[in-house]
Structure formats: C-alpha cells, structure tokens
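Here are my notes for you, written as numbered points so that you can follow along in your viewer. Please have the coordinates open as you read.

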Amino acid sequence: MIVVTGATGGLGGATVEHLLKRMPADRIGVSVRDVSKAQHLADRGVRVRQGSYEDPAALRKSFAGAEQVLLVSGNDPSADLVSLHRNAIEAAVAAGVRRILYTSQQGAVPGNPYPPSALHVATEAILAESPVAWTALRNGAYGPLDQVLGPWQETGEIAQPADGPVPYTDRDDIAEATAVILTGDRTLDGPVDLTAPTAVTFADVAGIASALTGRPITRVVPGDEQWVADRIARGAPEQLARLLLSFYRASRANYFAEASPLLAELLGREPASVANRLAADITA
Ligand SMILES: NC(=O)c1ccc[n+]([C@@H]2O[C@H](COP(=O)([O-])OP(=O)(O)OC[C@H]3O[C@@H](n4cnc5c(N)ncnc54)[C@H](OP(=O)(O)O)[C@@H]3O)[C@@H](O)[C@H]2O)c1
C-alpha cells in the first residue's frame, strides 16, 4: 500500500489522482487532517484515515500497512514544521514503512536565503538519519504563472523584483512524476530535483509573452523596497511580500538556476514549459 499525506491539498491530491490511474484504489491510502474533505476518495475505494502531523498515534494508524509514504511538507509558516515532519517520519518508521518520499524544494541547500529551504534541509537531515530508505523530491517552483507574473496581460508589463533563472514547473507534472516514482521500479535515493527542463528569467518570460501575444510585454524592475510597499498597498501581508522577495533574492544568487532532465525522463514526455503554460493562460 502507498499512503499519501496532504491528499486534501493541491500536490498530494493531484498525486492521488495520478496513482488512481496506475494502481487499484484499495492499495492507496491517504492520511488527512479532515477526513470529510477526502470523502470523494473514500467513495472511489481509497483508504481514508485521519492523520495530522501534531498527532503521532493517529499518524501511525494512518500509515499502518504502508510500504511507502509520501510525506507532503506542511504549509503553516508559524508552526514548528521540522518537529511536525519529525513526528511523521518517526511514525512512518514505527509503522514499518519501507520508503518515505518527502516533498522538498529545489535549491534546499544550506545558505539559500529563501526561508523554507532551511526547513527542507532540516527535514532531509532527519530522513538521512532515519533507518528507512528515503527520497527527497526537490520540486521546482510550481505556483500558477498568473500569480508569479502579476497582471501582465492587462498592464503589458512584468513588474517584479530583479530575479535570476528559475525552472518554473507545472504542479501537475510533479504530481504525475511522483506517482511514477511511487509505482515504478526505478530506485531514487536521497535528494532528486523535479523541475521543468529550462530555467528562465522574467526578461525571458517577457520575450516569450511578447511572441505569443504579438504585442510588446515589457520587463519592469522595481526596487525591492518599492515592490514590497506596492504589494502591501494592494493588500498583501508584509510577511508574505518579504517571503516572496527572499525567493527572488535566492534566484538572483542562482539557487534555482539548475534545471534537471529527471522530470521529463519520468514523464516520458516534455514537461509543460513556461511558453505552453502562458499560451494556455492567454486562451483561458
Ligand atoms: N515547490 C513549490 O513551488 C511549493 C509551493 C507551495 C508550497 N510548497 C510546499 O509543498 C507543500 C505541498 O504543496 P501544495 O501546493 O499541495 O500545498 P497545499 O495545497 O497548501 O497543501 C498542503 C497540504 O498539507 C497538509 N498539511 C498542512 N499541515 C499539516 C499538518 N500539520 N498535518 C497534516 N497535514 C498537514 C494540508 O492539509 P489540509 O488539506 O487539511 O489543509 C494540505 O493538504 C506545501 O505544504 C509547501 O510545504 C511548495
């Protein structure tokens, strides 16, 4: 059995959908905080058990019988996520799980100024010390492009802080590749990068958008503090604006610059590119 946590969230939910295409539902389990949100999976024959990273006993029950667990990283920046991930890893070990896959992040190395990196570095270290086999899926940035780029179709501008190359990746491609790994016989040990095959800057994206739309889309680079002030004025919490800014600072320092061919290999096709995804956004 394969048990997926975070299955009522975006990446975990999409991974379960891809698993359902590859294996019988009764060999899939989910460990979720709120079982009522997973009724659609129970209806299709998936084993649904309650499991929250705060509750080791419940996690052990929700992982029982699993050969592999996909541990989706938590999303609450105010929580002690490393301790919560430790709870989940220890519960998986206690339940006799053979392999843990963990959703890490591209560029999860010491020194990366994007704060979630430290969380992933620490969780990978716990996995490395654990007695089970593990794979850290260092996923590329997969936010929706309209959120990443801002309202460029209306304004004709991509106005974001100075940046560096990033292989912006489609979340559903990562979910499909995760299901391929979970169901396949290719052994991936330790950290692996799952990213789109090409890293691009916002200047590149402006060029792609200009070509797709046939009108000039300009790359505008506000100063960091001006950009933060603009975001706050438009209603964003300052903490979130500064978190995003730290992502751009990390990209400038090339922490996300290296794209990997592994995602394409696992999918057996080209992953969605920024050009494909922009074209879909334009026609949507
Ligand atoms: N690489 C990237 O670009 C990127 C972008 C965003 C996030 N991330 C990271 O990747 C994770 C998955 O991304 P996503 O898009 O699927 O995010 P998401 O839709 O917010 O899903 C996060 C999932 O984690 C579950 N969760 C959070 N805290 C938990 C806890 N204490 N115990 C048990 N489950 C808990 C949530 O449960 P509920 O459904 O009950 O809320 C939810 O199902 C995020 O949580 C974040 O760590 C990566």
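Where is the place of proline 167? Let me begin there; please bear in mind throughout that this is a predicted model.

1. **Proline 167.** This residue sits in a loop, the one that runs between β7 (157–159) and α8 (171–183). Its relative accessible area is 0%, so proline 167 counts as buried, the cut-off being under 20%. If you set aside neighbours within four places in sequence, the residues in contact with proline 167 are Gln106, Ala141, Thr195, Ala196, Thr198, Ala199, Val200, Phe256 and Ala259. As a distance to check in your viewer, the C-alpha atoms of proline 167 and leucine 71 are separated by 23 Å, with these positions 96 residues apart along the chain.

2. **The annotated span.** UniProt, in an unreviewed entry, lists residues 6–182 as "domain: NAD(P)-binding". In the model, that span is 41% helix and 17% strand. The C-alpha atoms at its two ends lie 16 Å apart.

3. **Helix α1.** Residues 10–20 form this helix, and it is mostly covered, with nine of its eleven residues buried. The buried ones are Leu11, Gly12, Gly13, Ala14, Thr15, Val16, His18, Leu19 and Leu20. Two of these names return below: leucine 11 in the point on the ligand and histidine 18 in the point after that.

4. **The ligand.** Which residues come nearest to the ligand? Of the 21 residues around it, they are Thr8, Leu11, Ser73, Gly74 and Tyr142. By type, the shell divides into six nonpolar, eleven polar and four charged residues. Three polar distances may be useful if you plan to look at the site. A backbone N or O atom of leucine 11 is 2.6 Å from a ligand oxygen atom. For lysine 37, a polar side-chain atom lies 3.4 Å from an oxygen atom of the ligand. For glutamate 54, the partner is a nitrogen atom of the ligand, at 3.1 Å from a polar side-chain atom. Taken alone, the ligand exposes 890 Å², and the protein buries 79% of that.

5. **Histidine 18.** Is histidine 18 buried or exposed? Its place is in helix α1, and its relative accessible area is 5%, which means that it falls under the 20% cut-off and is buried. Beyond its neighbours within four places in sequence, histidine 18 is in contact with Asp172, Ala175, Glu176 and Ala179.

6. **Alanine 88.** You will find this residue in helix α4 (residues 81–94). Alanine 88 is buried because its relative accessible area is 2%, under the 20% limit. Not counting residues up to four places away in sequence, it touches Tyr53, Leu59, Phe63 and Leu71. From alanine 88 to alanine 58, the C-alpha to C-alpha distance is 10.0 Å, and the two are 30 residues apart in sequence.

7. **Glutamine 68.** What lies 2.8 Å from a polar atom of the side chain of glutamine 68? It is the backbone oxygen of leucine 182. Glutamine 68 belongs to strand β4 (residues 68–71) and is buried, with a relative accessible area of 8%. Leucine 182 is also among its contacts outside four places in sequence, which are Met1, Ile2, Val3, Val97, Arg98, Arg99, Leu101 and Leu182.

8. **Arginine 33.** Here the surroundings are open to a probe: arginine 33 is exposed, with a relative accessible area of 60%. It lies in the loop between β2 (28–32) and α2 (39–42). Apart from residues up to four places away in sequence, arginine 33 touches Gln50, Gly51, Ser52 and Asn75. One of these, glycine 51, is 18 residues away along the chain, with 5.3 Å separating the two C-alpha atoms.

9. **Asparagine 254.** Please take a look at the backbone here: asparagine 254 has a positive phi of about 65° although it is not a glycine. Its place is in the loop between α11 (238–252) and α12 (262–267). With a relative accessible area of 46%, asparagine 254 is partly exposed.

Conventions:
Residues are numbered from 1 along each chain as its sequence is written. This is a predicted model: local features need pLDDT of at least 70, side-chain atom pairs count only at pLDDT 80 or more; totals for chains, interfaces and linings use all residues. Side-chain values use heavy atoms; hydrogens and water are left out. UniProt positions are given in the numbering used here, feature names are shortened, and annotations may be inferred rather than shown by experiment. Helices (H or I, at least four residues) and strands (E, at least two) are DSSP runs, numbered from the N terminus. Buried means under 20% relative accessible area, exposed over 50%, partly exposed in between (1.4 Å probe, protein chains only). Contact means heavy atoms within 4.5 Å. A residue is near a molecule or strand if one of its heavy atoms lies within 4 Å of it. A polar contact is a pair of N or O atoms within 3.5 Å; within protein, one must be able to donate a hydrogen and the other to accept it, and residues adjacent in sequence count only if both atoms are side-chain atoms. Accessible areas come from the Shrake-Rupley method with a 1.4 Å probe; for residues, only the protein chains shown count as cover. Ala, Val, Leu, Ile, Met, Phe, Trp, Tyr, Cys and Pro count as nonpolar, Asp, Glu, Lys and Arg as charged, and the others, Gly among them, as polar.
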